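Work through the exercises below with the sequence and the coordinates open. Each task is followed by a worked solution.

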Amino acid sequence: NGLRCVLLVRVVGGRVNRCEDVAPDADALRTNILQGLNDSVLGDRLKCRGTFREYVCFDAAQVYTEYVLSYRRKLPPKAT
């Protein structure tokens with residue numbers, strides 16, 4: 001029936017480790033989280049590659065659903 005859903009979530013980032021490296025050290029990022037130095041990671045690909053920002057939370061309690069949006073896409077008619 002074409003129904004789509006989007007979750008709009010609220011995130012508590014806490015102590016965010018902003019990483020702008022082209023090739024980040026995943027082990028070092030993970031160690032900072034496990035040692036309690038950071039609560040989440042912001043992979044700033046926008047700054048280093050011009051693409052997007054990636055937010056990574058390691059505890060599900062940091063993220064909760066604010067809204068559930070339902071919609072139907074309206075596509076333009078096909079050209080004949």
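**Exercise 1. The start and end of a helix**

Task: Find the side-chain contact at the start of helix H1, then inspect the residue Gly36 that follows H1.

Solution. The model is predicted.
Step 1. Helix H1 covers residues 26-34. At its start, a side-chain oxygen of Asp25 comes to within 3.2 Å of the backbone nitrogen of Asp27.
Step 2. Now go past the helix. Gly36 follows H1, and its phi is positive, near 85°.

**Exercise 2. Strand order**

Task: Give the strand order of the open three-stranded sheet, and explain which strands stand at the edges.

Solution.
Step 1. The order is E2-E3-E4, and the pairing is mixed.
Step 2. Strand E2 (16-19) and strand E4 (53-57) each have a single partner strand, so each has one side without a neighbour in the sheet. These are the edge strands.
Step 3. From one strand to the next, the twist averages 15°.
Step 4. Take the pair E3 and E4. Strand E3 spans residues 40-44 and runs antiparallel to E4, with five bridges joining the two. For a landmark, use Val41: its bridge partner in E4 is Val56.

**Exercise 3. A salt bridge between two loops**

Task: Locate Arg15 and Asp39, and say whether each is buried, partly exposed or exposed.

Solution.
Step 1. The side chains of Arg15 and Asp39 meet in a salt bridge, at 3.4 Å from N to O.
Step 2. Arg15 sits in the loop between E1 and E2, and Asp39 in the loop between H1 and E3. The two are 24 residues apart, so the pair links distant parts of the chain.
Step 3. The partly exposed class lies between 20% and 50% relative accessible area. Arg15 has 45% relative accessibility and counts as partly exposed. Asp39, with 26%, is partly exposed too.

**Exercise 4. The network around Arg18**

Task: Which residues are linked with Arg18 in a network of salt bridges? Trace the pairs that Arg18 makes with Glu20 and with Asp44.

Solution.
Step 1. The whole structure holds six salt bridges. General point: side chains of opposite charge can pair when their charged atoms come close.
Step 2. Arg18 meets Glu20 in a salt bridge at 3.2 Å, N to O.
Step 3. Arg18 also forms a salt bridge with Asp44, where the closest N and O atoms are 2.3 Å apart. Arg18 lies in strand E2 and Asp44 in strand E3, so this pair ties together parts 26 residues apart in sequence.
Step 4. Check the accessibility. Arg18 is partly exposed at 45%, and Glu20 is partly exposed at 32%. Asp44, at 0% relative accessibility, counts as buried.
Step 5. Add Arg53. The network links Arg18, Glu20, Asp44 and Arg53.

**Exercise 5. A nonpolar surface patch**

Task: List the residues of the nonpolar patch on the surface, and find which element gives the largest share.

Solution.
Step 1. The patch is formed by Val6, Leu8, Tyr67, Leu69 and Tyr71. Together they have about 450 Å² of accessible area.
Step 2. Strand E1 (3-11) and strand E5 (63-72) are the elements that give two or more residues. The largest share, three residues, comes from E5.
Step 3. Look at one member. Tyr67 is placed in strand E5. With 47% relative accessibility, Tyr67 counts as partly exposed. A patch residue needs over 30% relative accessible area, and the 47% of Tyr67 fits that rule.

Conventions
Residues are numbered from 1 along each chain as its sequence is written. This is a predicted model: local features need pLDDT of at least 70, side-chain atom pairs count only at pLDDT 80 or more; totals for chains, interfaces and linings use all residues. Side-chain values use heavy atoms; hydrogens and water are left out. Two strands pair if DSSP finds at least two bridges between them. Helices (H or I, at least four residues) and strands (E, at least two) are DSSP runs, numbered from the N terminus. Axes are lines fitted to C-alpha atoms, for helices over the stretch in contact, and angles run from 0 to 180 degrees between N-to-C directions. Patches are made of residues with over 30% relative accessible area and no salt bridge: like charges are joined within 9 Å, nonpolar side chains (Val, Leu, Ile, Met, Phe, Trp, Tyr) within 5 Å. Accessible areas come from the Shrake-Rupley method with a 1.4 Å probe; for residues, only the protein chains shown count as cover. A salt bridge is a side-chain nitrogen of Lys or Arg within 4 Å of a carboxyl oxygen of Asp or Glu. Buried means under 20% relative accessible area, exposed over 50%, partly exposed in between (1.4 Å probe, protein chains only). A polar contact is a pair of N or O atoms within 3.5 Å; within protein, one must be able to donate a hydrogen and the other to accept it, and residues adjacent in sequence count only if both atoms are side-chain atoms.
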